[in-house]
Amino acid sequence: MGQKNKPVPVIAIFDVGKTNKKLFLFDEQYQIVFERTARFTETVDEDGDPCENLESLRLSVFDSLREVFKKEEFEVKSINFTTYGASLVYIDKDGQPLAPLYNYLKSYPEELKSQFYASYGGEEAFSNTTASPVLGSLNSGLQLYRIKHEKPALFKQIKYALHLPQYLSYLISGALYSDLTSIGCHTALWNFKTQNYHEWVKAEGILDKLAPIAPSDHVMPAAFPGNNYAVGIGFHDSSAALIPYLINFQEPFILLSTGTWCISLNPFNSSPLTVEELQNDCLCYLQFEGKPVKASRVFAGYEHEQQVKRIAAHFGADVISYRHAAFDPGIIELLRKNGKPEPEPGSETIKESRFSKRNLSDYATDIIAYHQLMLDLVDQQRQATQRVLKGTKVKRIFVDGGFSKNAIFMNLLSASFPELEVFAASMAQATAVGAALAIHKSWNTKPLPNDIIQLKFYSAAQHHY
């Protein structure tokens with residue numbers, strides 16, 4: 001009989017996005033050795049608004065774990081979770097969900113919102129203390145306030161309100177915790193000045209509905225007897241994506257995480273938010289060690305998608321053709337030289353670029369129009385990143401996600417910050433890797449890796465315009 005190979009020690013990470021739900025297995029070198037993706041059809045809540053299918057998600061977690069445990073070539077040492085934020089699961093005393101997983105885009109009743117802010121010091125002061133712009137349901141604490149005032153009977157039955165990562169962790173560990181990375185993401189629950197829950201949480205009787213806070217690297221034994229793997233308490237995805245960078249780079253940096261939203265995260269900026277910053281969609285996250293991270297957001301990925309459709313339709317081209325468009329400094333020079341009268345400065349909003357107001361007939365070709373779009377988006381990005389950069393010793397910007405592969409975006413960005421080093425950072429699945437690194441000690445016998453992020457340097461000196 002040939003000797004059987006010893007199973008490879010791995011960590012299982014569930015990475016739950018709005019669209020794709022993924023399961024990864026990483027080996028001790030942080031290489032992906034197995035991957036599975038699922039997509040579920042959304043369901044609706046009692047008002048007919050779309051929401052996550054919580055039951056499908058729950059079953060999928062158990063199904064995919066069962067599949068992985070059957071594989072003899074792997075030995076699962078730990079499990080952790082990372083999911084989108086601002087979403088709460090309300091469970092009863094038996095741990096069963098009592099209500100739908102309400103969508104954070106669900107509209108919030110105006111009177112209730114006015115009542116809330118009037119009771120707790122007004123929008124401006126409250127937003128400042130909680131580092132949470134006024135975002136309606138995206139402030140997950142306000143979802144609980146709404147249940148209390150609109151559905152008191154349901155509120156009474158709630159034993160705990162868990163953010164989504166902690167609910168998934170609870171399914172496997174049976175342990176109930178809250179985590180700072182979820183509480184610290186524009187939930188309106190946390191007072192960044194006192195580093196504790198805001199007083200309203202106690203005043204409204206919500207404190208009792210929140211599970212005790214555990215540190216992010218906390219692990220628990222699994223609830224199923226006979227299993228010897230550890231379970232992490234889960235992470236908010238934006239905070240998880242930052243962990244590999246914090247572990248690999250000691251010099252101050254900004255991480256520009258690009259996707260539907262482009263979020264500039266500055267873990268080296270803990271100055272309190274100003275009113276002006278809050279009005280411009282800046283916020284603070286709490287990173288995994290509990291320190292504030294100042295952040296600003298632009299809806300640039302979404303805007304790019306909409307405007308590329310507009311360009312393609314106008315020029316009769318294919319949307320795909322811009323995916324790998326080459327950077328042409330000549331076009332940029334041309335656009336800057338005979339710039340059309342600019343739309344009003346400040347006419348762009350967080351959600352819309354200047355480009356949306358431009359007339360496409362002003363451009364001879366679609367590639368010229370596309371360069372103009374990137375010029376406008378990067379201009380908007382520069383303003384947003386500048387807000388969290390100023391007053392800090394940051395020397396580098398790391399760009400990850402979709403725009404890091406866009407040569408036009410990267411070249412224009414490095415030209416916008418000539419005094420900084422700008423890098424495209426590529427790393428397979430930063431969010432999942434972050435959730436694995438956070439509990440490294442619980443499953444990995446090797447030292448923390450220092451080579452999991454590949455960098456490509458974009459130098460501002462390459463541009464002569």
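**A guided path through a predicted structure**

Lys456 lies in strand 20, which covers residues 454-458. The model in which this strand appears is a predicted one. Setting aside residues up to four places away in sequence, Lys456 touches Val422, Phe423 and Ala424. Lys456 and Val422 are 34 residues apart along the chain, yet their C-alpha atoms are separated by 8.5 Å.

Contacts between residues distant in sequence can also be considered for the whole chain. Among contacts in the protein chain with a separation of 6 or more, 72% are accounted for by residues 24 or more positions apart.

The overall architecture comes next. The protein chain contains 16 helices and 20 strands. Its radius of gyration is 23 Å, close to the 23 Å that the globule rule gives for 465 residues, so the chain is as compact as a globular protein of that length. The C-alpha trace spans about 70 × 70 × 45 Å along its principal axes. Of the 465 residues in the chain, 56% are buried. The chain exposes about 20,400 Å², and carbon and sulfur atoms supply 52% of this area.

Two helices illustrate burial. In helix 15, residues 430-438, nine of the nine residues are buried, so this helix is largely enclosed by the rest of the structure. Among the buried residues of helix 15 are Ala430, Thr431, Val433, Gly434 and Leu437.

Helix 13, residues 366-389, contains Gln381. Why does Gln381 count as buried? The reason is that its relative accessibility is 1%, and a residue is called buried when this value is under 20%. Leaving aside neighbours within four places in sequence, Gln381 is in contact with Leu256, Cys262, Ser264, Val298, Phe409 and Leu413.

The path ends at an open space in the protein. The second largest pocket has a volume of about 530 Å³. Its lining consists of 18 residues, and Gly301, His304, Arg323, Gly402 and Phe403 are those that lie nearest the centre of the pocket. Which element gives the largest share of this lining? Helix 11, residues 300-315, does so, with five residues. By chemical character, the lining of the second largest pocket divides into seven nonpolar, eight polar and three charged residues.

Note on methods
Residues numbered from 1 in each chain as written. Predicted model: local features only at pLDDT ≥ 70, side-chain atom pairs only at ≥ 80, totals over all residues. Heavy atoms only, no water. Helix = DSSP H or I, 4+ residues; strand = E, 2+ residues; numbered from the N terminus. Buried < 20%, exposed > 50% of the residue type's maximum accessible area, 1.4 Å probe, protein only. Contact = heavy atoms within 4.5 Å. 1 Å grid on protein atoms, 1.4 Å probe; cavity = no way out; pocket = protein on both sides within 12 Å on 5 of 7 lines; lining within 4 Å. Points joined across faces, edges and corners; volume = space filled by probe spheres on them. Nonpolar A, V, L, I, M, F, W, Y, C, P; charged D, E, K, R; others polar. Rg over C-alpha atoms; globule rule 2.2 N^0.38 Å. Areas by Shrake-Rupley, 256 points an atom, 1.4 Å probe, with all protein chains shown as cover.
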